[in-house]
Amino acid sequence: MNDTRTKIQRIGDVVHLKKAGNSWKGLCPFHQEKTPSFSVSEDGDMTHCFGCSWSGDFDHFIAAIEGKMPGIEYDDDGAKL
Ligand SMILES: [Zn+2]
């Protein structure tokens, strides 16, 4: 919890992050895109996507990635986006 590198690294396991000013940017895991619009705060506490309007703190992000909380949207046919 007090190790910010761990949060960034954990998110980085899912999203390839690049430093962008005071935050990190990468391709959103919740929708398909070619231009990074997924933003992570410098310490990894907050995540936000400007493309699909995903927003959540670190715990919410991890839970959504692991399918424990809403956040990942699926097509009606069940295909993962
Ligand atoms: Zn998104």
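**Reading a five-stranded sheet**

Visitor: How many residues lie between E1 and E2 in the hairpin that these two strands form, and which glycine in the turn has a positive phi?

Guide: This is a predicted model, and in it the hairpin of E1 and E2 has 2 residues between the strands, with Gly-21 in the turn showing a positive phi of about 65°. The two strands run antiparallel and are joined by 3 bridges, E2 covering residues 23-26, and one facing pair places Lys-19 opposite Trp-24 in E2.

Visitor: Where does this hairpin sit within the whole chain, and what pattern does the protein follow along the sequence?

Guide: The protein contains 2 helices and 5 strands, and read along the sequence the pattern is α-β-β-β-β-β-α.

Visitor: How should I read the pairing of the strands, and what is the order of the 5 strands in the sheet?

Guide: As a general idea, strands of a sheet pair through backbone hydrogen bonds, in either a parallel or an antiparallel way. Here the pairing is antiparallel, and the sheet is open, with the order E1-E2-E3-E4-E5. Strand E1 (18-20) and E5 are the edge strands, each of them pairing on one side only. On average, and with direction ignored, neighbouring strands of this sheet are turned by 25° against each other. Helix H2 (residues 58-65) packs on the sheet, where it touches E4 and E5, and its direction makes about 110° with that of E5.

Visitor: Which residues stand opposite Lys-25 and Ser-23 in E3?

Guide: E2 is joined by 4 bridges to strand E3 (residues 38-41), and the two run antiparallel; within this pairing Lys-25 stands opposite Ser-39, while Ser-23 stands opposite Ser-41. On the E4 side, E3 is joined by 3 bridges to E4, again running antiparallel, and there the bridge partner of Ser-39 is His-48. E3 and E4 also form a hairpin, with 4 residues between them and a positive phi of about 80° at Gly-44 in the turn.

Visitor: What can the side chains along E2 tell me, and which of them point to the buried face?

Guide: In a regular strand, side chains alternate between the two faces of the sheet. Along E2, Trp-24 and Gly-26 point to one face and are buried, whereas Ser-23 and Lys-25 point to the other face and are not buried.

Visitor: Which residues make up the largest nonpolar core?

Guide: That core has 12 residues in all, among them Trp-24 from the strand just discussed, together with Phe-38, Val-40, Phe-58 and Phe-61. E3 and H2 are the elements that give two or more residues to this core. If residues up to four places away in sequence are not counted, Phe-58 touches Lys-7, Gly-44 and Asp-45, and Gly-44 is the glycine with positive phi in the turn of the E3-E4 hairpin. For the protein as a whole, buried residues make up 21% of the 81 residues.

Visitor: Why does His-16 count as exposed?

Guide: His-16 has 12 other C-beta atoms within 10 Å, and it is therefore exposed, since the exposed class takes in residues with 12 or fewer. Its place is in the loop between helix H1 (4-14) and E1. Leaving aside neighbours within four places in sequence, His-16 is in contact with Gly-26 and Leu-27. Its C-alpha lies 9.6 Å from that of Pro-36, a residue 20 positions apart from it in sequence.

Visitor: Which residue that is not a glycine has a positive phi of about 70°?

Guide: Most residues other than glycine have a negative phi. Ser-53 is not a glycine, and yet has a positive phi of about 70°; this serine is found in the loop between strand E4 (46-49) and E5. Because 9 other C-beta atoms lie within 10 Å, Ser-53 is exposed.

Visitor: Why does Ser-55 count as partly exposed, and where is this residue found?

Guide: Ser-55 is found in strand E5 (residues 55-57), and it counts as partly exposed because it has 14 C-beta neighbours inside 10 Å. Between Ser-55 and Val-40 the C-alpha to C-alpha distance is 9.8 Å, with 15 residues separating them in sequence. Looking at the whole protein, of the contacts with a separation of 6 or more, 24% are between residues 24 or more positions apart.

Notes
Residues numbered from 1 in each chain as written. Buried ≥ 20, exposed ≤ 12 C-beta atoms within 10 Å, placed from the backbone. Contact = placed C-beta atoms within 7 Å. Pairing = 2+ DSSP bridges. Axes fitted to C-alpha atoms, helices over the stretch in contact; angles between N-to-C directions. Core = buried A, V, L, I, M, F, W, Y, C linked by C-beta atoms within 7 Å.
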